[in-house]
Amino acid sequence: MEFVRNFPLLTIILSLVSSVLCTLLSGRAAKRYTVILETLLILMAGAVLAYTIRSGTSFTYVMGEFPAPWGNEIRAGVLEALMAVMLLTVLLCGVQGGWRFLELDVEQSKHNLYFSLVNLFTAALMALIWTNDIFTGYVFLEIMTLASCGLIVAREIGRTTLAAVRYMILNLLGSGLFLLGVVMLYNLTGHLLMVPMAGAVSELVEEGAQMPLTFSLAMITIGLGIKSGMFPFYFWMPDTYGASTATSAVILSSLVSKAYIFLLFKILFRAIGAEVYVALPIRAILLLLGVLGMAAGSVSAIRSGSLNRMVAYSSAAQIGYIFMGLGLGTEAGFTAALFQILAHAVTKSLLFLTTPRLSLVSGDSMLFQRIQGSGRRAKDAGVFFTVAALSMVGIPVFAGFSAKLLFAVAAVETGRPWVILAVMAALGVSSVLNVLYFIRTVIRIYAKPQDAGPEEPYPVPKELRRQYRVSAAVLTGLNLFLGLFSWVTANLIRQGLSMFG
Amino acid sequence: MKRTFQSWLEGDLDLLSEIPDAAEVRNLSRRKLKDIHKEERSRIRALPVTRRVARLERRAFRSWYRILAVGCCMALLGVFLFMTAHVTRYGEENPRASEVADRYLAHGVEETGAINAVAGMILDYRAFDTLGESHVLFTALICVMVLLQRDSKNMRPDYEDYFRIRQEWYYPTEQDPILRRVGMVLGPGILMLGCYILLGGHLGPGGGFSGGAVLGTGLVILASALGDETVDRILTGKRFRWISFVALCFYSLAKGYVFFTGANGLENHIPKGTPGAILSAGLILPLDIAVGLVVGCTMFGFYSLFRRGSIGGQ
């Protein structure tokens, strides 16, 4: 067996060990260590990606001596490796670029604990991406939930505590529903590993016992939907994303919700089977909720009065896109949804890195009146914010455009008039609404400030500024890559999907 | 009214902004503070904001919220009842779910060396899940530390009062003669019981999680009976961190080694021993000890953080 096959296991174990190690280090050392570790993890995931592309196959990795239905397993294919590389890169950029805000927001003596949480989150992210076992998914989902609560409250202001409590209540509800669904699926099929479970599920469908299966799958879907901010459950977003420190906001908005959705993908494809899922009524409901979410999230974003809340609410709309792709139920739809996961991760992280900078040069305020002209005061943040905003709106050459194009093509390919109409209408309405609030904000940050504009309250050292610019530039580069060379990623996703089933 | 409720729901509206801070009255005795707090609460209840919120909530709850909540709960209840009808009855064998469980029961002893099938299952067959599970507790501990840790390293001027108030507010448990005497008698016994449950996990009911919980309880009882300073002498903050570090690292690395050898088809050279002997079942016993130490430390850590904002003194 090639050594590269051990890398998925190593990414998980290394992050777990590092999380404990960080509690013993000083804050600065913990940060340096985390950055080195994440670079290493990206290299490992990249090696796995190259290996799977070259060999054209996926592989499973037995965790211990006991093979498939008895012991745990992880699995790596093109799709998993691609997700791991991209999401880890976003994470690294978030940690590097958010450092200057972390210095201001989080108490100095707790920096090592913060990075311990970041590492725990990384381990959970890796485990959720690589897992081939539903229950492993649940365990690491719990780690991710708790770690994200910790990441929110790390900035000790009243609003984050409130946000974390709300976030935790909703997330625990989601976890509970997910666990109930898993228990029911185990009771119905007798397996927790995804491949044997898929076999038992297809037997069940042949016997015609679909109702209990549908309900348990619905519970899993709703549970993960609550956790990732599906249409009716997105009201926890603004405080959670908007009030926490920049790195936490990047992690929560770009990575946590994506990890949950990717787990849902894995369950639908590998534990239930794509054919069974497409035939279930859940698909149509997901399509509807996705379309509604696209509109409702944008409307909430328009109504919000401050920059961070607006950016946070736009996540709800973008998550709606992903669920719409899931609901289309065709291969093109799934490809578009997975592409949107990457595009949104890259774009939203850039937005959340730039908004605190814009607010810092506006007297530490996120209110629209105060940030007027902030793009002139902080030139780098203004440019990066504009790039991300244009991508969100869907201007060609940026990632958002490619994602929308993929969705439109996928909808037309279904050939069902109502679906085409709904998706096209939703895409159009959502794009127009996006223009309304993002372009308005871009104009505002470059408009002439009403008064002279406050001085920057907290000057930052040069070194941190460079880090910030480099990570924002990397995210911009990724955005352009996804936009200009979308077929590379889309082909990889298709290749990954074909080895998924 | 509806808009106000909406903006409160979304977190825009801070309803507590009009309520003043009671910081200036901290330097007082317990009884006096209690009275002041009582007064404060009734004053807050009389504030127009509070009244408005109360009225708002009453209205919102009276109309749609209640109906919706009941409807959702009834729908969920229906789903659950329907599902229960499809679950295997208690005590009956599930014809579908028997393949994996049968193998665990039939070959568990020879394959894992543990007489306790549950220990064999969670620490050998599905050890990866348990690896995650032990880190769930660690994550919770880190979160509580982020939220509550107040020690000499992050001392701010306004924290000085904070420590004094804590001392005055909390009942000094170590001065209670009954608790002290009972704790002295029970504490060591509970610790012994914890060790027994911890070490016998592969032989009978017990194991790392339950044993660790008992150990943690014993430490909490000792700390409240003998005073925090007494326990500090054994379990300093530094030692606490090192115990967690060593136990969790050992767990991750040992299991990583087993996963690595298992997946690569190598021999792992871990003796299974004779089933039933205390030194048997391969890695299960050391893993149980590691898990137990982590769980015990975490339980005591929670108590200590909630009670005085630090682990092992300032």
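**Helix packing, a strand pair and the chain interface in a predicted model**

Student: In this predicted model, what is the handedness of the crossing of H3(A) and H11(A)?

Tutor: The two helices concerned are H3 (residues 78-97) and H11 (residues 246-279), both of chain A. The contact draws on residues of H3(A) including A:Met83, A:Leu87 and A:Val90, and on residues of H11(A) including A:Val250, A:Ile251 and A:Phe262. The crossing of H3(A) and H11(A) is left-handed.

Student: How are H3(A) and H11(A) oriented to each other, roughly parallel or roughly antiparallel?

Tutor: Their axes lie 8 Å apart and make an angle of about 165 degrees. Angles over 145 degrees count as roughly antiparallel. H3(A) and H11(A) are therefore roughly antiparallel.

Student: How many residues of the contact of H3(A) with H11(A) are nonpolar?

Tutor: Among the contact residues are A:Leu91, A:Gly94 and A:Val95 of H3(A), and A:Ser254, A:Leu255 and A:Lys258 of H11(A). By class, three residues of this contact are polar and one is charged. The number of nonpolar residues is nine.

Student: Why is strand E2 of chain A described as largely enclosed by the rest of the structure?

Tutor: A:Asn72, A:Ile74 and A:Ala76 point one way from E2(A), A:Glu73 and A:Arg75 point the other way, and all are buried. E2(A) is largely enclosed because the buried residues of this strand (residues 72-76) number five of the five.

Student: Which residue stands opposite A:Asn72 in E2(A)?

Tutor: E2(A) is joined by five bridges to strand E1 (residues 59-63) of chain A, and the two strands run antiparallel. Opposite A:Asn72 stands A:Met63.

Student: How many strands does chain B have?

Tutor: Along the sequence, chain B reads α-α-α-α-α-α-α-α-α-α-α-α. Its secondary structure comprises twelve helices, and the number of strands is zero.

Student: Among contacts in chain B between residues at least 6 apart in sequence, what percentage join residues at least 24 apart?

Tutor: Chain B has 314 residues, of which 29% are buried. For contacts between residues at least 6 apart in sequence, the share joining residues at least 24 apart is 73%.

Student: Which helix gives the largest share of the side of chain B that touches chain A?

Tutor: In the interface, 50 residues of chain B are in contact with 54 residues of chain A. The elements of chain B that give two or more residues to this side are H3 (48-86), H4 (98-112), H6 (127-148) and H11 (237-264). By class, the side has 26 nonpolar, 15 polar and nine charged residues. The largest share, 15 residues, comes from H6(B).

Definitions and conventions:
Residues numbered from 1 in each chain as written. Chains lettered and ligands numbered in written order. Predicted model: local features only at pLDDT ≥ 70, side-chain atom pairs only at ≥ 80, totals over all residues. Axes fitted to C-alpha atoms, helices over the stretch in contact; angles between N-to-C directions. Helix = DSSP H or I, 4+ residues; strand = E, 2+ residues; numbered from the N terminus. Parallel < 35°, antiparallel > 145°, perpendicular 65-115°, else oblique. Left-handed = near helix turned anticlockwise from the far one by under 90°. Contact = placed C-beta atoms within 7 Å. Nonpolar A, V, L, I, M, F, W, Y, C, P; charged D, E, K, R; others polar. Buried ≥ 20, exposed ≤ 12 C-beta atoms within 10 Å, placed from the backbone. Pairing = 2+ DSSP bridges.
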